[in-house]
Amino acid sequence: MRIVILESSPNRHGSSNLLAERFAQGAQEAGHQVAFVDVAHADIHPCTGCVHCGYEGPCVQKDDVEGIRRQLLAADMVVFVTPLYYYGMSSQLKTMVDRFCAFNSSLQAKHLKSALLAAAWNSDTWTFAALEAHYQTLVRYLNLQDMGMVLGTGCGTPAMTARSPFPQAAYRLGRQLL
């Protein structure tokens, strides 16, 4: 299986990216091909809502999204990776998701597998409620097959994350993929 991991933390060595690395390790050990896309540092302009694309491209903006589109449409699975920012995904990931508009029909037709990996400083029982709801809505709308989530609470620093059970959970999620 070809897996595209969309990392969206502005901190290249942050907690969410640690989860992504462990997921990738497990997936690669299970025989899958993994490609990382750093959407936080890519040249991705916000969607303008012009709908010039007609929901199936091309987009009028000329940035890195076209290459990311090709990778996603050649993949079998997409993994959304984000730090939790004010109870939602990072703006960097949201900007990329908004740009799905220009290849919406193709994404829906792919029936990609998907997963969500996220890290948050706090540990309240409701910490991930809004992010989970948004992710589940994307799963429904884009006809994705959810393979699981690793929602790391108490992961405020990479050291805290490394000592938590969440890197191992991310590894297991990647390793169990068929």
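This passage walks through the salt bridges and the cavities of a predicted model.

Salt bridges come first. Side chains of opposite charge can pair when their charged atoms come close. In this structure that happens often enough to give 7 salt bridges. One of them joins Glu29 and Arg175, with 3.7 Å from N to O. That pair ties together distant parts of the chain, as the two partners sit 146 residues apart. Glu29 belongs to helix H1, which covers residues 15-29, while Arg175 belongs to helix H7, which covers residues 166-175. Neither end of the bridge is tucked fully away: Glu29 has a relative accessible area of 42% and is partly exposed, and Arg175, at 39%, also counts as partly exposed. Both values fall between the 20% mark for buried and the 50% mark for exposed, so the label "partly exposed" applies.

Other bridges stay within a single helix. In helix H2 (residues 65-74), Glu66 and Arg69 are 3 residues apart, or about one turn of the helix. Their side chains form a salt bridge in which the closest N and O atoms are 2.5 Å apart. Glu66 is partly exposed, with 37% relative accessible area, and Arg69 is partly exposed too, at 23%. The value for Arg69 is not under 20%, the limit for buried, which means that this residue stays in the partly exposed class. Glu66 and Arg69 don't stand alone, either: together with Arg70 they are linked in a network of salt bridges.

Helix H3 (residues 91-98) has a pair of its own, made up of Asp98 and Lys94. These two lie 4 residues apart, again about one turn of the helix. Their side chains meet in a salt bridge at 2.4 Å, N to O. As for exposure, Asp98 comes out at 31% relative accessibility and Lys94 at 32%, so both residues count as partly exposed.

Turning to the empty space inside the model, there are 3 cavities of 30 Å³ or more. The largest cavity holds about 90 Å³ of space. Its lining is made up of 13 residues. Those nearest the centre of the largest cavity are Cys47, Cys50, Val51, Cys53 and Cys59. Sorted by class, the lining of this cavity has 8 nonpolar residues, 4 polar ones and 1 charged one.

Terms used: Residues numbered from 1 in each chain as written. Predicted model: local features only at pLDDT ≥ 70, side-chain atom pairs only at ≥ 80, totals over all residues. Heavy atoms only, no water. Salt bridge = Lys/Arg side-chain N within 4 Å of Asp/Glu carboxyl O. Buried < 20%, exposed > 50% of the residue type's maximum accessible area, 1.4 Å probe, protein only. 1 Å grid on protein atoms, 1.4 Å probe; cavity = no way out; pocket = protein on both sides within 12 Å on 5 of 7 lines; lining within 4 Å. Points joined across faces, edges and corners; volume = space filled by probe spheres on them. Nonpolar A, V, L, I, M, F, W, Y, C, P; charged D, E, K, R; others polar.
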